[in-house]
Each structure stands twice: as structure tokens, then as C-alpha cells.
Amino acid sequence: MTTQSTTTTPELVAYDDAVRRYDPVLGIEVHVELGTRTKMFCPAEVSFGADPNTQTTPVSLGLPGALPVVNGTAVEYAIRIGLALNCQIAETCRFARKNYFYPDVPKNFQTSQYDEPIAFEGWLDVELEDGTVHRVEIERAHMEEDAGKNTHVGGAAGRIHGASHSLIDYNRAGIPLVEIVTKPITGTGERAPEVARAYVQALRDIFRVLDVSEARMERGNVRADVNLSLRPTPDSPLGTRTETKNVNSFRSVERAVRYEVSRQAALLDAGRTVIQETRHFHEEAGTTSSGRVKSDAEDYRYFPEPDLVPVAPSRDWVEEIRATLPELPQARRRRLHDEWGYADAEMRDVVNAGALDLIEATVAAGAAPAAARKWWMGELARRAKQDEVELAELAITPAQIGELQRLVDSGRINDKIARQVLDGVLAGEGDPEQVVVARGLEVVSDDGALLAAIDEALAAQPDVVEKVRGGNQGPVGAIIGAVMKATKGQADAKRVRELVLERIGG
């Protein structure tokens with residue numbers, strides 16, 4: 001069959017239809033930029049946003065005669081990542097030269113690892129939003145250096161096509177990376193996009209808790225290359241894969257998978273061939289476009305890096321690192337689920353809303369788990385949605401929510417008043433205590449003041465008084481409501497009820 005260009009894709013197949021007739025297989029390569037002070041093989045400083053080409057050395061510029069030295073902290077961080085992903089840590093491994101010619105690679109090769117990665121044969125259990133768990137097998141996690149950054153001037157959307165010239169910033173060249181490569185991810189069916197997204201998100205969370213990277217996708221600290229192929233049935237041989245490069249958000253990972261499933265299904269339905277190639281993801285449209293025919297390993301002419309000795313982490317050092325690993329996100333969620341007593345669905349909602357850290361900090365500030373969840377998943381979630389911001393971006397802290405709940409628990413304010421206090425805190429009027437004092441919102445607990453309001457309400461509703469005296473306590477609510485209105489909601493409703501019944505009985 002003649003190979004045809006994929007630039008003229010037939011009309012896309014609906015996603016649901018595509019996954020009914022084809023079995024998607026994923027493969028995901030995630031690059032994480034390590035948060036070291038200096039680069040992988042030289043002492044050039046690393047910081048985000050520096051002026052172009054101000055963080056370079058002869059090594060990162062590939063100047064003749066410059067010799068690399070391995071960053072020991074980067075090696076430690078790579079081991080931490082490998083252990084967190086249940087990988088075996090190599091007793092000895094080495095770097096290799098990956099040869100290719102592109103302006104952002106000043107040496108004309110990238111120092112990476114090829115057949116001797118520092119970590120291999122691991123796995124990560126990924127939990128989807130409904131609690132389903134899918135195990136992703138990890139083939140390898142290896143160390144390498146990043147390339148520089150090209151800026152194409154004059155082309156559409158910053159791309160090289162149509163550009164008048166290109167600028168290169170070598171500040172990023174040489175920044176240490178760990179690349180994590182999965183084995184083929186099978187058995188996902190129609191949930192392939194969800195699995196891909198959840199996997200990348202789980203990695204991001206692990207990087208953060210390990211403190212090996214800021215892991216900010218919008219800054220390019222974490223980048224995903226999404227491989228996808230289709231086959232007729234789960235028993236069929238693997239199909240031809242495409243690799244969508246440098247996808248930099250969770251939503252985009254999911255959209256890239258959905259689009260490639262629909263696109264490849266359209267090609268296969270038309271009797272055409274899927275080309276093994278790299279593709280670019282277009283955020284604005286949620287589509288991919290052809291990049292270049294995918295290179296195989298032999299095209300890079302890998303050979304051992306002659307200027308670097310093998311890395312041989314001692315078993316004692318590896319175990320020391322293992323002993324310092326923090327509680328990983330999935331284990332933490334299980335522990336908090338048990339400690340807080342949330343239902344499974346409640347815990348999933350908390351995690352999916354990004355409220356786990358906020359609720360944990362609120363509980364640490366003294367609030368009961370149920371109360372903390374009530375505030376963050378109720379009133380505050382509503383306000384965040386209304387303001388179109390993330391929960392953590394609201395102008396209120398877990399400590400302030402803890403203080404607000406203490407005011408409620410002590411009886412100084414009630415739930416209705418607490419929402420007014422919340423308004424004041426969000427408006428920048430201070431902590432809850434300050435808002436209560438400044439606005440005069442404390443619950444009226446003086447019986448004298450309450451009795452005056454009760455007598456006025458009883459006098460205005462003599463028919464209610466007669467019904468209650470006749471043994472029907474239902475209408476008491478009308479008297480309580482009148483008192484609450486008279487005190488602007490600042491009365492203790494329970495105490496008002498007690499005093500009303502005493503008054504009527506008297």
C-alpha cells in the first residue's frame with residue numbers, strides 16, 4: 001500500500017465510535033526539569049526568567065575543550081524519583097551521546113542515557129476520578145540534559161514556518177532532566193484519555209512531594225510526549241504509533257489522546273496508513289499536526305560518553321535515600337481518608353477539587369474534618385466558581401477557616417453569621433475575630449435583650465401563643481423567626497426557643 005501524507009486526514013471518526021472498533025494503546029514519556037541550583041554538567045546557575053544567554057558556561061555552550069562534571073544532586077534526585085516509582089536502581093550506569101543537529105543543541109549531541117538508565121522496571125498505580133485504579137508499568141527513568149530554546153520570529157503562532165529569523169536562548173541548555181518512559185499502556189479502552197491525564201498528574205504530584213522540581217507545567221518544568229496507536233482488538237499486534245510532543249497541561253494530554261484516536265481511526269477506516277511520526281499539539285483547537293518522521297534509536301548513533309565515568313550509586317546510599325522519602329500522595333490520601341472518616345465519593349470529590357491540602361491544613365488549625373470539608377467544598381467552592389479562580393487562590397487561609405469554625409463552635413456566632421464573617425475576610429477586613437468585632441456580629445446571648453424581642457413577638461402573634469398553650473408546638477417557629485429577624489440573625493436560636501417556651505408556659 002502506498003504511504004499517504006497524514007496532513008490530509010479524512011473526516012474524523014467520533015471518539016465513542018472509534019474506541020468501540022479499535023483498541024487504543026498508550027505510551028507516555030514525561031520529562032521533569034530537576035530543581036537543582038546548577039546545571040547537569042557545569043556550574044552555570046539555574047533560575048527561571050533570567051535574561052537570555054546569561055546562564056551559560058563553555059560546557060553548556062559546547063565550546064571545544066570544555067569537559068563535563070556530573071551534578072551529584074541531580075543523581076540523587078533521579079534516584080528519589082526512581083524509588084518513588086518502584087523502580088530498580090542500577091548498580092552502575094553511564095551516559096551516552098545522542099547525536100542530532102539542531103540549533104538549540106550547541107554540541108550537536110545531547111548527553112543522555114541510552115541502554116544503561118539509572119532506574120528501570122517500575123510501576124505506578126493511577127487512580128481515576130471514580131476510584132478505578134490502573135497500573136502503569138514503567139520501563140525506565142533516565143538522566144539527561146535539556147536543550148536550549150528557539151524563538152521563531154515572524155511565523156504563525158511562533159512556529160518556524162513563515163518565520164523571518166530565529167533566536168536561540170541557551171539558558172535552558174544543560175538543565176538536568178529525568179525522562180520517565182512507560183511500557184505500552186494497554187487495557188484502557190475508552191478511558192485512555194483519562195488514564196493519560198491521571199498518570200501525568202500523579203507524576204507531577206510525586207515530583208512536588210519529593211521536592212525534586214517545582215513541577216509547574218506552565219513553565220515547562222514538566223512536559224509530556226504522548227504516544228498512541230490503534231489496533232483492531234486487544235489481542236492484535238501493536239499498531240503504528242504517533243508521538244505528540246511537548247504537551248504541557250493535563251487537559252491537553254487528555255485532548256491530544258482523544259484527537260489522535262479519532263484521527264487514526266479515520267485513516268484506518270479509509271484504508272490508509274498511520275505514519276510513525278512526531279506531531280505538534282495545538283492548544284487553541286485541540287488538534288495535532290504532522291511534525292517529522294519519527295527517528296529510531298539507531299538514527300541518533302548513540303555511543304558511550306567518553307568524557308564521563310560511569311555512575312555507580314552505592315547500595316548504602318540508595319537505602320539512605322529510600323529512608324528519607326516522604327509519604328507519597330496516594331498513601332497520604334488513603335491515610336487521610338481513614339483518619340477523616342469521609343465516604344469514598346467525598347474523598348474523591350475533595351481530591352478532584354484540589355482541596356486536599358487546604359482541608360488538611362484547616363484540620364491542623366483545629367477544625368473538625370467534617371467542618372473543614374463543609375467550608376471548602378461548600379461555600380468556598382461556590383465562591384471560587386463564581387470568581388472563576390482556583391480554591392487556593394481565594395483570599396482566605398486554612399488558619400482563618402479554622403478560626404471561623406472555632407467562633408461557631410464556641411457559640412459566639414452561628415452558621416448564618418459565619419457567612420457574613422466570611423464576606424469580611426474575603427474582602428480583606430482582617431481575620432474572623434476582627435471582622436466579628438468590627439461589624440458587631442457576635443451572637444446576642446443576653447437573656448434580657450432576647451426576652452424583650454420575644455415579648456414583642458408574642459404580643460404581635462396571640463393566636464400562635466394560644467396554639468402552643470394548647471399543646472401544638474409547631475407554630476413556635478414563627479415566634480423564633482420573628483425574634484431572629486429583630487436581632488438581625490444574631491440570636492442563639494436554641495436559647496430563643498427555650499425562652500419562648502418558658503414565656504408561654506409562664
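The following points concern the sheets and helices of this model, which is a predicted one.

1. The nine-stranded sheet. Nine strands make up an open sheet with mixed pairing, and their order across the sheet is S2-S5-S6-S9-S1-S10-S11-S12-S13. At its edges lie strand S2 (88–89) and strand S13 (287–293), each of which pairs on one side only.

2. Pairing of S11 with S12. Within this sheet, strand S11 (residues 242–247) runs parallel to strand S12 (residues 277–282), and the two are paired over three bridges. For a reader who wishes to check the register, Thr 244 has Arg 279 of S12 as its bridge partner.

3. Pairing of S12 with S13. On going from S12 to the edge strand S13, the pairing is antiparallel and comprises five bridges; here Phe 281 is bridged to Thr 288 in S13. These two strands form a hairpin in which four residues lie between them, and the turn includes Gly 286, whose phi is positive at about 70°.

4. The three-stranded sheet. A separate entry in the topology is an open sheet of three strands, ordered S4-S3-S14, in which the pairing is antiparallel. Strand S4 (109–112) and strand S14 (303–304) are its edge strands, each pairing on one side only. Strand S3 (residues 96–99) is joined to S4 by four bridges, the two strands running antiparallel, and Arg 97 finds its bridge partner in Thr 111 of S4.

5. Helix H3. Helix H3 (residues 192–210) has 19 residues, which at 1.5 Å a residue should span 27 Å, and the distance between its end C-alpha atoms is 27 Å, so the expected and modelled spans agree. The residue that follows H3 is Asp 211, which has a positive phi near 60°.

6. The H10 and H11 pair. Helix H10 (residues 398–409) packs with helix H11 (residues 415–426) at an angle of about 150°, and their axes are 10 Å apart. Because angles over 145 degrees count as roughly antiparallel, H10 is roughly antiparallel to H11. The contact draws on Gln 400, Ile 401, Leu 404 and Val 408 from H10, and on Asp 415, Ala 418, Val 421, Leu 422 and Val 425 from H11. Sorted by class, the residues in this contact of H10 with H11 are seven nonpolar, one polar and one charged. As to handedness, the crossing in which H10 passes H11 is right-handed.

Technical notes: Residues are numbered from 1 along each chain as its sequence is written. This is a predicted model: local features need pLDDT of at least 70, side-chain atom pairs count only at pLDDT 80 or more; totals for chains, interfaces and linings use all residues. Side-chain values use heavy atoms; hydrogens and water are left out. Two strands pair if DSSP finds at least two bridges between them. Axes are lines fitted to C-alpha atoms, for helices over the stretch in contact, and angles run from 0 to 180 degrees between N-to-C directions. Angles under 35 degrees count as roughly parallel, over 145 as roughly antiparallel, 65 to 115 as roughly perpendicular and the rest as oblique. A crossing is left-handed if the near helix is turned anticlockwise from the far one by less than a right angle, and right-handed if clockwise. Contact means heavy atoms within 4.5 Å. Ala, Val, Leu, Ile, Met, Phe, Trp, Tyr, Cys and Pro count as nonpolar, Asp, Glu, Lys and Arg as charged, and the others, Gly among them, as polar. The expected span of a helix is 1.5 Å times one less than its number of residues.
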